[in-house]
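Work through the following exercises with the sequence and the structure side by side, and try each task before reading its solution.

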Amino acid sequence: MNRASLYGCDSYDLDKVTLCIEKIIDDFGGLDNLLKKGKKVVIKPNLVMKKSPDGAATTHPCVIEALINILKRKTDDITIAECPGGAYTKERMSSIFAVTGMSKVAERTGAKLYLDYQQVALPCRQGKVTRNITVLEPFSSADVFINVSKLKSHGLTVFTGTAKNLYGLIPGLEKAQIHARFPDKNDFADFICDINTTIVPDLSILDGIVAMEGNGPTGGNPRHCGVLIASNSTYTADLAGCAVCNFDYREIPMFISAVKRGICPDGLENVTVTGDNLSDYIVRDFKKPDTEAKGIIKLLTQTSNPFVRKLIRSKPVINKKKCVGCGECVNCCPQKTIEIKSKKAFIHRENCIYCYCCQELCPMKAVDIKRFFLLNLIK
Ligand code: SF4
Ligand code: SF4
């Protein structure tokens with residue numbers, strides 16, 4: 001039977017979060033069981049970009065600190081590793097660790113921060129769209145891998161939690177190449193499944209104390225949900241997270257693909273949720289991203305006519321008032337279809353594959369999503 005653990009936690013108070021994570025670990029057999037494969041632990045937060053914890057784009061450092069303090073009762077070999085979008089350099093990674101609060105956590109707890117860029121290619125035996133995956137080395141060599149992600153809406157995948165967090169195992173700019181390889185969102189969803197069948201975390205925790213709604217994963221707004229969710233299956237934890245956001249998992253490609261492949265339960269009725277009552281934490285008006293179509297328009301987005309599909313898709317548009325010409329979007333665009341003209345970004349629309357990486361990684365929130373006008377009429 002699939003199992004998830006869910007506990008209400010109203011704030012990032014270290015004692016309260018510690019208590020919840022203790023209960024979660026107990027629900028999955030206790031600390032000895034979690035560390036039964038060895039003492040070398042790697043923790044992967046979601047540090048999608050250089051943002052302070054208050055922005056709700058990244059896993060809150062309090063959750064990581066509480067987890068490490070508990071693990072330290074049995075091991076001192078704990079590393080925090082992450083590979084955010086964009087180019088990976090030691091300097092950039094150090095600065096992301098600092099701004100997201102992870103450096104302070106490492107100082108206080110003695111955990112290590114991974115700053116190298118060693119990679120390893122792994123066979124993807126159950127792969128549907130790929131036969132091998134390159135990941136940052138520590139994720140494959142850890143005895144115990146703990147995945148700690150953030151509950152968020154997402155412009156491309158609608159929902160993001162622990163399963164999508166594994167996309168961050170892929171080194172730096174290779175992520176952009178993968179977006180270019182899989183422009184179709186169903187293929188991309190299959191790629192996410194492929195990663196999840198290749199590296200399976202021993203525990204996945206979803207930080208939904210303050211989630212992000214709207215134009216996630218970086219441009220949305222913080223939304224208090226007051227909950228921590230966990231499972232030894234990424235998709236099971238996410239199914240519970242998706243219910244908290246009041247999204248229908250049956251409409252989200254990532255879940256559709258995983259259910260078809262038998263790695264995600266088909267509905268929460270097939271999951272035993274221990275802890276608090278999930279229905280007490282459902283946020284009925286949790287906002288979806290502006291990219292998300294509804295009703296007839298949603299059906300039209302599934303048409304096989306590429307002209308119609310392109311016409312009605314929500315488009316990334318540069319907000320010239322906010323753009324500072326930093327070039328981050330140029331570096332992350334998988335299609336190389338953005339250039340800087342007169343110190344402002346300019347999108348050559350004809351090659352755009354609507355992956356919304358530019359929106360995700362713009363530090364100035366200068367990429368707006370322009371919805372097809374009919375979408376606004378039926379909102
Ligand atoms: S759109 Fe954003 S990422 Fe691109 S150049 Fe402007 S500020 Fe930088
Ligand atoms: S312009 Fe933006 S949405 Fe279009 S392909 Fe480039 S990164 Fe993706």
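**Exercise 1.** State which residue follows helix 5 and what is notable about its phi.

*Solution.* Helix 5 (helices being DSSP runs of H or I with at least four residues, numbered from the N terminus) is followed by G110, whose phi is positive, near 85°. The model is a predicted one, in which local features need pLDDT of at least 70, side-chain atom pairs count only at pLDDT 80 or more, and totals for chains, interfaces and linings use all residues. Residues are numbered from 1 along each chain as its sequence is written, while chains are lettered from A and ligands numbered from 1 in the order in which they are written.

**Exercise 2.** Find the buried residues of helix 5 and explain why they line one face.

*Solution.* First, apply the burial test: a residue is buried if 20 or more other C-beta atoms lie within 10 Å of its own, exposed if 12 or fewer, and partly exposed in between, with C-beta atoms placed from the backbone. In helix 5, residues 102-109, this selects M102, V105 and A106 as buried. Next, look down the helix axis: the buried residues fall within an arc of 100° (taken over the directions from the axis to the C-beta atoms), so they line one face of the helix. Finally, check the other side of helix 5, where E107 and R108 are exposed.

**Exercise 3.** Describe the classes of residue in the shell around ligand 2.

*Solution.* Begin with the 14 residues that surround ligand 2, the closest being C333, C352, C355, C357 and C358, where a residue counts if its C-beta atom, placed from the backbone, lies within 6 Å of the molecule. Then sort the shell, which has 12 nonpolar, 2 polar and no charged residues, with Ala, Val, Leu, Ile, Met, Phe, Trp, Tyr, Cys and Pro counted as nonpolar, Asp, Glu, Lys and Arg as charged, and the others, Gly among them, as polar.

Terms used:
Helices (H or I, at least four residues) and strands (E, at least two) are DSSP runs, numbered from the N terminus.
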